[in-house]
Amino acid sequence: MLIRSFFDPETFTLTYVIHDPKTRDAVVIDPVLDLDTQTWRTQTRSLDKVLTFVREQALRVRYILDTHAHADHLSGMAALKRQLQAPTAIGHPITRVQQLFATAYNMTDLKTDGSQWDVLLTDGQRLQAGSLAVEAIATPGHTPACMTYKVGDAIFTGDALFMPDYGTGRCDFPAGSAADLYSSVHDKLYKLPDQTRVFVGHDYQPGGREVRWETTIGASKANNVQLKASTSRADFVAFRQTRDAGLKPPRLILQSLQVNIAAGELPAPEQNGKRYLKIPLNHLGRGD
Ligand SMILES: [Fe+2]
């Protein structure tokens with residue numbers, strides 16, 4: 001099994017392509033559709049890198065997976081599906097996330113049954129991606145639908161667990177829960193063997209260091225600055241809640257969620273042929 005990472009420096013996101021070199025079977029995790037916020041053009045710079053790699057390596061992408069409904073970038077899932085004709089999957093509780101945000105955006109036409117994805121995964125479910133076996137491990141907390149994907153000795157943790165010098169994902173989005181994230185990481189991921197390789201969903205390059213995306217369960221248990229094996233639930237929850245209260249919303253939260261709860265599909269064109277994003281006013285944070 002070979003793992004190739006693609007880093008988007010605009011949103012600090014890692015996309016992964018995992019493949020079996022013998023069969024060329026592959027899965028893609030967390031593809032990014034770029035959005036230029038001056039011109040409001042969607043761009044395929046990040047997707048093109050993935051597609052070029054897939055074509056150069058002659059890979060057969062069997063699944064496109066999102067770890068969760070991202071709030072900081074548009075998912076490239078729908079655009080990539082059109083290119084590769086591969087089925088898509090996400091965690092089953094995405095329906096709850098759809099219900100929450102369809103209400104916030106008044107997206108009355110959005111189906112909130114998860115039918116925009118080909119597969120809705122439950123905890124422990126296995127996907128056979130050609131010769132690659134992918135296990136979904138429910139790791140709620142950052143969102144209720146977050147999934148970690150396990151392929152061989154590697155896990156792809158999305159926003160549940162980051163590099164040891166950064167910590168964990170925030171838990172202040174609707175239906176997020178620091179207590180749930182503690183259970184997901186401390187009581188679940190930290191029970192995996194110490195040598196399990198961990199591939200994170202973002203790297204924010206703390207202190208300006210070079211980008212890194214790979215650690216291990218053992219290193220996380222010993223060194224994660226927010227959640228070690230020795231950290232108590234009460235301490236983590238108190239820390240996370242205090243920290244989250246001081247964080248700004250992600251820059252593209254309002255733009256990205258309305259797309260990502262539709263599996264990365266842009267809003268349908270209106271009668272003039274143009275697509276529009278919706279921005280609810282006075283929805284985030286405090287007013288003046
Ligand atoms: Fe996220």
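Entry 1: the iron site. I take donors to be N, O and S atoms within 2.8 Å of the metal. With that cut-off, I looked up the iron ion in this predicted model and found that its donors follow the spacing H-x73-H-x16-D along the chain. The outer pair links distant parts of the chain, since I find His 68 in the loop between β6 (60–65) and β7 (74–75) and Asp 159 in the loop between β13 (154–156) and α4 (178–186), 91 residues apart. The protein donors are NE2 of His 68, NE2 of His 142 and OD of Asp 159, and they lie 2.0 to 2.4 Å from the iron ion. I note that water is not among the atoms, so the site may look incomplete.

I then asked whether two of these donors are buried or exposed. His 68 has a relative accessible area of 1% and is therefore buried. Asp 159, at 7%, is buried as well.

Entry 2: the overall fold. I counted seven helices and 15 strands in the protein. The radius of gyration is 18 Å, which agrees with the value near 19 Å for a compact globule of 288 residues. Along the principal axes, the C-alpha atoms fill a box of roughly 55 × 55 × 35 Å. I recorded 51% of the 288 residues as buried. I also looked up the contacts between residues at least 6 apart in sequence, of which 66% join residues at least 24 apart.

Entry 3: the strands at the N-terminal end. I started with β1 (residues 2–8), which pairs with β2 in the antiparallel sense over seven bridges. Phe 6 has Thr 15 as its bridge partner in β2. Between β1 and β2, which form a hairpin, I find four residues, and Phe 12 in the turn has a positive phi of about 60 degrees.

Next I followed β2 (residues 13–19) to β3, to which it is joined by four bridges in an antiparallel arrangement. Here Ile 18 stands opposite Val 27 of β3. These two strands also form a hairpin, with five residues between them, and Arg 24 in its turn has a positive phi of about 70 degrees.

Which strand pairs with β3 in the parallel sense? I find β6, over five bridges. In that pairing, Val 28 has Ile 64 of β6 as its bridge partner.

I then examined the burial of β3 (residues 25–29). Five of its five residues are buried, so the strand is largely enclosed by the rest of the structure. Asp 25, Val 27 and Ile 29 point one way from β3, while Ala 26 and Val 28 point the other way, and all are buried.

Entry 4: helix α4. I listed its buried residues as Ala 178, Leu 181, Tyr 182, Ser 184, Val 185 and His 186. They are on the same side of α4 because they cover an arc of only 165 degrees around the axis. For background, an α-helix has 3.6 residues a turn, so residues three or four places apart point the same way.

What covers the buried residues of α4? I find that the cover includes β11 (132–138) and α6 (233–245). Finally, I checked the start of α4, where a side-chain oxygen of Ser 177 reaches to within 3.4 Å of the backbone nitrogen of Ala 179.

How values were computed. Residues are numbered from 1 along each chain as its sequence is written. This is a predicted model: local features need pLDDT of at least 70, side-chain atom pairs count only at pLDDT 80 or more; totals for chains, interfaces and linings use all residues. Side-chain values use heavy atoms; hydrogens and water are left out. Donors are N, O and S atoms within 2.8 Å of the metal (3.2 Å for Na, K and Ca); water is not among the atoms, so sites may look incomplete. Buried means under 20% relative accessible area, exposed over 50%, partly exposed in between (1.4 Å probe, protein chains only). Two strands pair if DSSP finds at least two bridges between them. The arc is that of the directions from the helix axis to the C-beta atoms. Contact means heavy atoms within 4.5 Å. A polar contact is a pair of N or O atoms within 3.5 Å; within protein, one must be able to donate a hydrogen and the other to accept it, and residues adjacent in sequence count only if both atoms are side-chain atoms. The radius of gyration is taken over C-alpha atoms; the globule rule is 2.2 Å times the number of residues to the power 0.38.
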